[in-house]
Amino acid sequence: MVSVRPAMSQSPALARGAKPIRVMVVDDSAVIRGLVSSWVKSEPDLEVAASCFNGLDALRHIRASRAEVVVLDIEMPDMDGLTALPKLIQAAPGVKIVMSSTLTQKNAEISIRALSMGAADYIPKPQSTQEITASSDFRADLIEKVRTLGAASRGLHAPAPAPGRPAAPRPKTSSAAWTKSSGAVSLLRLQPRRREIIAIGSSTGGPQALSKVLGDIGKRVSVPILITQHMPKMFTAILAEHISKSAGRPCEEAKDGETISNGRIYLAPGDFHMRVVDKGGRKCLQLSQDPPINYCRPAVDPMFESVAQHYGASALGVVLTGMGNDGADGGRQISQAGGALIAQDEATSVVWGMPGATAHTGACHKVSPLGQVGADIINITQGVGG
């Protein structure tokens with residue numbers, strides 16, 4: 001995923017006078033531990049709970065540190081991150097763990113596996129200490145993830161990123177992300193009709209949610225499924241393999257210009273927006289490296305908007321867990337075109353940013369717990385009302 005980072009926003013925890021979010025940093029490199037710890041210390045709403053050199057050291061300190069978020073390196077001596085992950089979760093139920101690893105195919109595979117084992121998120125780490133030191137994007141990404149997950153662990157929702165200079169002007173004004181943990185959600189009445197395509201958007205917590213939803217759907221729905229998951233290159237190819245296993249049907253990274261076919265699942269490749277276009281009466285996929293939208297590439301909104309344009313009332317949009325508000329505008333367009341729209345509920349979302357923003361547009365037909373989303377998709381696609 002390519003992102004254009006705005007100025008970092010302050011957590012609601014500090015604004016409400018609460019104590020700073022407690023962060024444990026686990027890395028075998030003393031230089032990296034010191035660097036990440038200094039970043040955390042520089043944020044008034046965050047504090048370093050512990051700094052540990054491997055998984056064993058983290059296990060020794062996890063209870064006493066009362067850490068709410070752990071930044072966990074993968075490759076460490078004596079006990080690596082993947083081995084430590086389930087032990088840390090068992091020792092400190094409710095802790096949010098962010099896996100940190102250099103961007104290699106091996107570590108991408110391990111990161112995806114870690115998500116299925118209970119990690120809340122991951123962050124690709126630049127290859128060298130020098131690159132890490134010089135990378136403002138890595139620092140901003142890390143702090144944003146820590147802040148958002150820490151707020152989520154307290155039942156709060158971190159605010160949407162403060163407006164920065166956009167990469168490119170958009171033709172319309174984005175809806176503001178919903179930042180409160182209260183308020184009624186108005187749902188639209190669902191008009192029963194068969195749907196011809198399913199479009200799903202997700203981010204933080206998305207790989208786990210996608211596996212659950214697509215596993216529940218299985219082969220009971222034959223229409224094509226388009227997925228945009230906020231994820232960098234290399235990771236999306238591995239995620240597609242995992243989705244294929246969960247769904248029991250083919251899932252591949254989308255290819256530019258390919259015709260959309262029934263029975264297939266198409267995943268937007270990392271660093272590429274995915275849209276639906278018409279080519280001589282055939283609905284095809286178009287990939288582009290247009291500027292990031294909602295600070296992301298791939299982004300959910302352009303996929304949803306194109307689905308609304310080309311499928312109209314025959315479309316079903318689904319927004320799963322994730323930080324930010326990507327998908328809210330595009331989801332509204334699907335609904336306005338007569339299509340159906342589902343958002344994952346707050347209780348089952350790792351972060352209720354994207355689905356919360358979508359739910360509060362007033363354009364949703366259902367706001368459902370993760371365990372119900374698959375059944376909702378089946379019923380809506382087959383023309384069952386509700």
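**Helix α9 and what follows it**

I started at the end of α9, where Gly248 comes next and has a positive phi, near 70 degrees. I keep in mind that this is a predicted model.

Next I checked the length of α9. The helix runs over residues 235–247, which makes 13 residues, and at 1.5 Å a residue it should span 18 Å. I found its end C-alpha atoms 18 Å apart, so the two agree.

Which residues of α9 are buried? I noted Phe235, Thr236, Ile238, Leu239, Ala240, Ile243 and Ala247. I then looked up what these buried residues pack against. Among the helices I listed α5 (105–116) and α8 (206–217). On the strand side I wrote down β5 (121–125), β7 (225–229), β8 (251–253) and β9 (265–267).

**The β10 and β11 hairpin**

I moved on to strands β10 (residues 273–279) and β11 (residues 282–288), which pair in the antiparallel sense over 7 bridges. To fix the register for myself, I picked out Arg275, which stands opposite Gln286 in β11. Between the two strands of this hairpin there are 2 residues. Here I met another glycine with a positive phi: Gly280, near 60 degrees.

**Cysteines**

How many disulfides are there? My count, taking cysteine sulfur atoms within 2.5 Å as a pair, came to 0.

I also asked whether two of the cysteines are buried or exposed. With under 20% relative accessible area as the cut-off for buried, Cys296 is buried because its value is 9%. Cys364 is buried too, as its relative accessible area is 0%.

Conventions
Residues numbered from 1 in each chain as written. Predicted model: local features only at pLDDT ≥ 70, side-chain atom pairs only at ≥ 80, totals over all residues. Heavy atoms only, no water. Helix = DSSP H or I, 4+ residues; strand = E, 2+ residues; numbered from the N terminus. Expected span 1.5 Å × (residues − 1). Buried < 20%, exposed > 50% of the residue type's maximum accessible area, 1.4 Å probe, protein only. Contact = heavy atoms within 4.5 Å. Pairing = 2+ DSSP bridges.
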